[in-house]
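Welcome! Here is a short tour for anyone meeting this protein for the first time. Take a look at the sequence and the model, then read on.

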Amino acid sequence: MTDPAKRIATLREEIQKHDRLYYVEASPIISDQEYDRLMQELIDLEKAHPELVTPDSPTQRVGGAPIKGFRTVEHAVPMMSIDNTYDEGAVRDFDRRVREVLGNKHPEYVLEPKIDGIAVSLRYEGGELVLAATRGDGRRGDDITENAKTIRSIPLKLRGELSAGSVVEIRGEIFMPNAVFAHINQELVARGEEPLKNPRNATAGTLKQLDPKVTASRKLAFFAHGLGEVSPEPPDDYWQWLEQLRKWGVPSTPHAMLAKNIDEVIAAIEKFARVRPTLPFLTDGMVVKVRSLAQRERLGTTSKSPRWVIAFKYPAEQVPTILRDVTWQVGKGGTLTPVAELEPVLVAGTTVKRASLHNIEQIQRLDIHIGDTVILEKAGEVIPYIVRVVPESRPADAVAITPPEKCPSCQQQVEFESPFVRCINPECPAQLKERIRWFCSRNQMNIERLGESLVDQLVDAGLVKTFADIFRLKLEDLLSLERMATKSASNVLESIQAARSRPLDRLLAGLGIRHVGNTTARDLANHFGSLEALQNATIEQLDEVEGIDVVVATAIHDFFRSPAGRHAVEELRKVGIDPKVEIKAVSGNAPFAGQTIVVTGTLKSYSRTEIEELIVRLGGKASGSVSKKTSFVVAGENAGSKLQKATELGVPVIDEEEFTRRVGGASKQDSGSLF
Ligand SMILES: [Zn+2]
């Protein structure tokens with residue numbers, strides 16, 4: 001047996017090395033799987049030896065306990081904004097002003113791509129990350145340390161020897177790589193939710209998460225592009241500072257360039273314009289900085305921004321193309337969305353063939369005709385959209401766009417509910433495909449192996465007409481489909497089998513009832529306890545549930561009384577899908593029936609959401625504040641004012657171990673199938 005402490009140290013070093021190779025050198029030498037294996041071994045070892053866990057261990061990146069809010073912190077050196085321009089002439093003016101101050105000496109410049117993300121300051125003391133803060137108003141920002149720690153390209157510890165008293169403040173940009181952004185949006189769209197607008201908003205939203213685990217799941221990245229307080233003194237040369245960052249294991253912005261004079265600066269700006277669209281992250285310009293820190297000092301700042309830096313911004317690329325046709329895409333609720341079918345064209349690095357026109361109102365607003373020349377832009381340079389038409393280019397045979405009278409999928413008459421067009425045929429195959437996809441997606445029944453194209457195949461082959469049909473699929477059914485091997489077919493069946501034990505709220509959310517998302521589904525499940533009770537509920541009874549208004553109540557009522565809704569539920573029952581929830585009001589058997597429980601401090605085995613869900617599932621009420629009515633408090637590590645209040649009021653306090661004992665083995669993972 002090797003010494004666990006030694007092995008842990010080796011693993012941490014290995015993982016840090018691979019992080020550096022991946023993010024700083026951009027030349028990984030092991031596969032993601034091998035990396036995950038190293039990480040898993042470290043996690044297991046630390047679990048077995050909790051006394052060996054340190055805050056700078058790579059395992060700490062998975063995200064700690066949720067926090068209540070963000071503390072405001074003051075920046076040691078203000079984070080100023082940068083002047084920017086769309087004009088090359090203004091960059092030359094900037095150089096002239098710089099030379100005037102420096103006595104007509106030609107300064108050298110460093111150019112760095114301007115990353116479209118959120119500016120942050122990382123403070124390392126004695127080489128260890130102690131604080132990450134957003135820019136905020138430049139003087140004060142939010143402490144986002146817990147979230148920043150989950151970002152793999154931010155070292156928790158700088159490489160090399162740094163003296164105990166050393167301070168290094170690294171400024172840079174946290175951003176969301178394009179691939180991550182696209183992946184998240186695919187998932188959101190699959191769930192029928194609004195896609196994120198652009199990677200910058202997505203990054204801001206992710207950093208504002210109070211639960212670092214959510215941030216960890218979003219896979220943000222970081223590039224350094226500056227410095228704040230640094231002691232001992234940094235080198236006078238910014239180019240050398242970038243080199244120093246590399247040595248510390250901190251990634252700086254790729255494609256940084258040196259320019260000896262303003263002509264080289266302009267040439268570099270023009271050169272980068274061609275590289276920019278091919279990068280895996282968004283940039284919106286080029287930042288031009290004086291190289292020497294001593295010269296920067298002499299140049300000083302205005303009230304708003306430093307005089308030694310300017311950002312040249314590239315105008316958003318607008319590309320003309322021709323609208324060939326408009327197709328109408330059927331959603332799961334029957335809404336028909338117009339989609340522009342375009343002459344394929346390259347916009348900001350990718351070929352665009354289609355763009356959503358959202359609804360008939362948008363078509364009218366743009367006054368768009370088939371045959372028109374349209375101007376295409378990418379919103380945040382990711383989602384293509386039509387900005388306007390070029391009216392003078394309209395051909396004589398241009399065709400006005402009118403919504404279809406028949407559904408393109410089932411050919412049934414559609415209904416107009418301005419500005420929307422709806423197919424109301426409950427048996428529409430296009431709607432069915434969307435509904436089945438929704439039912440199978442992650443937040444509903446989570447049938448992972450039933451992907452988009454497989455759903456298409458199953459519906460087209462007539463093998464799946466209702467949700468229940470999914471559970472009737474046999475191996476030979478799947479093998480009758482094109483490109484389906486025995487191994488993957490049995491994987492699909494296994495994945496379907498696993499979904500049989502999903503709790504009532506997941507099933508309810510999966511049915512695709514209008515206005516019923518996961519939260520409402522959970523409220524309904526806990527209140528009514530079964531599909532049968534829900535089917536029999538009147539609008540008044542539904543309206544009584546907290547958080548459900550009469551509009552939602554009517555939608556739920558109508559669904560369960562509609563022939564399609566009744567059929568869906570009956571069929572599910574026939575294949576044995578009829579989960580029940582024990583209702584706390586009816587039964588006194590649930591461990592926490594009638595009890596109000598407050599959780600405080602940091603827990604080892606549960607996130608805040610997990611433990612609260614468990615309390616609710618076991619009949620209790622999870623409350624946020626301690627009062628005389630509180631049945632008991634579960635106190636984790638570092639419990640503060642709530643624990644104190646409980647003690648003052650004489651409310652019983654238990655620790656996490658005692659809680660786990662009372663739960664009686666019901667873990668967070670299987671809590672759904674308790675009943
Ligand atoms: Zn239809």
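The notes below go through the domains, a metal site, two helices and a few single residues.

This is a predicted model. The domain assignment divides the protein into domain 1 (4-62), domain 2 (74-313), domain 3 (319-417), domain 4 (429-499), domain 5 (504-574) and domain 6 (596-673). To get a feel for the layout, find domain 2 and domain 4: their C-alpha centres are 46 Å apart.

**The zinc site**

- Four cysteines hold the zinc ion through their SG atoms: C407, C410, C423 and C428 coordinate it at 2.3 to 2.4 Å.
- The site is tetrahedral, with angles of 101 to 115 degrees among the four donor atoms.
- For comparison, the ideal angle for four tetrahedral donors at a metal is 109.5 degrees.
- Along the sequence, the donor residues follow the spacing C-x2-C-x12-C-x4-C.
- Two of these donors, C410 and C423, link distant parts of the chain and are 13 residues apart. C410 belongs to the loop between β18 (399-400) and β19 (414-417), while C423 is in strand β20 (residues 420-423).
- Both C410 and C423 are buried.

**Helix α1**

- Helix α1 covers residues 4-23, which makes 20 residues. From first C-alpha to last, α1 reaches 28 Å, close to the expected 28 Å at 1.5 Å a residue.
- At the start of α1, the backbone nitrogen of A5 has a side-chain oxygen of D3 within 3.2 Å.
- The buried residues of α1 are I8, L11, R12, I15, H18, D19, R20 and L21. They pack against α2 (32-48).
- A helpful thing to know when viewing helices is that an α-helix has 3.6 residues a turn, so residues three or four places apart point the same way.

**Helix α12 and its neighbour S441**

- The end C-alpha atoms of α12 are 16 Å apart, which agrees with the 16 Å that its twelve residues should span at 1.5 Å a residue.
- Helix α12 is largely enclosed by the rest of the structure, because ten of its twelve residues are buried.
- Those buried in α12 are A430, Q431, L432, K433, R435, I436, R437, W438, F439 and C440.
- S441 sits in the loop between α12 (429-440) and α13 (452-460). With a relative accessible area of 12%, S441 is buried.
- A polar atom of the S441 side chain lies 2.7 Å from the backbone oxygen of W438.

**R171, an arginine in a strand**

- R171 is part of strand β7 (residues 167-175).
- Its relative accessible area is 8%, so R171 counts as buried.
- The R171 side chain makes a polar contact of 3.0 Å with the side chain of S121, and reaches the backbone oxygen of P78 at 3.5 Å.
- Leaving aside residues up to four places away in sequence, R171 touches several others, including H75, V77, M79, A224 and L227.

**R394, an arginine in a loop**

- R394 is in the loop between β17 (383-389) and β18.
- R394 has a relative accessible area of 27% and is partly exposed.
- Not counting residues up to four places away in sequence, R394 touches D367, H369, D372 and V389.
- With H369, R394 shares a polar contact of 3.2 Å between side chains.
- To place R394 in the wider structure, compare it with S252: they are 142 residues apart in sequence and 48 Å apart in space, C-alpha to C-alpha.

Note on methods:
Residues are numbered from 1 along each chain as its sequence is written. This is a predicted model: local features need pLDDT of at least 70, side-chain atom pairs count only at pLDDT 80 or more; totals for chains, interfaces and linings use all residues. Side-chain values use heavy atoms; hydrogens and water are left out. Donors are N, O and S atoms within 2.8 Å of the metal (3.2 Å for Na, K and Ca); water is not among the atoms, so sites may look incomplete. Four donors count as tetrahedral if all angles lie between 85 and 135 degrees; four count as square planar and six as octahedral if opposite donors are over 155 degrees apart and all others between 65 and 115; anything else is irregular. Helices (H or I, at least four residues) and strands (E, at least two) are DSSP runs, numbered from the N terminus. Buried means under 20% relative accessible area, exposed over 50%, partly exposed in between (1.4 Å probe, protein chains only). The expected span of a helix is 1.5 Å times one less than its number of residues. Contact means heavy atoms within 4.5 Å. A polar contact is a pair of N or O atoms within 3.5 Å; within protein, one must be able to donate a hydrogen and the other to accept it, and residues adjacent in sequence count only if both atoms are side-chain atoms. Domain bounds come from an automatic or database domain assignment.
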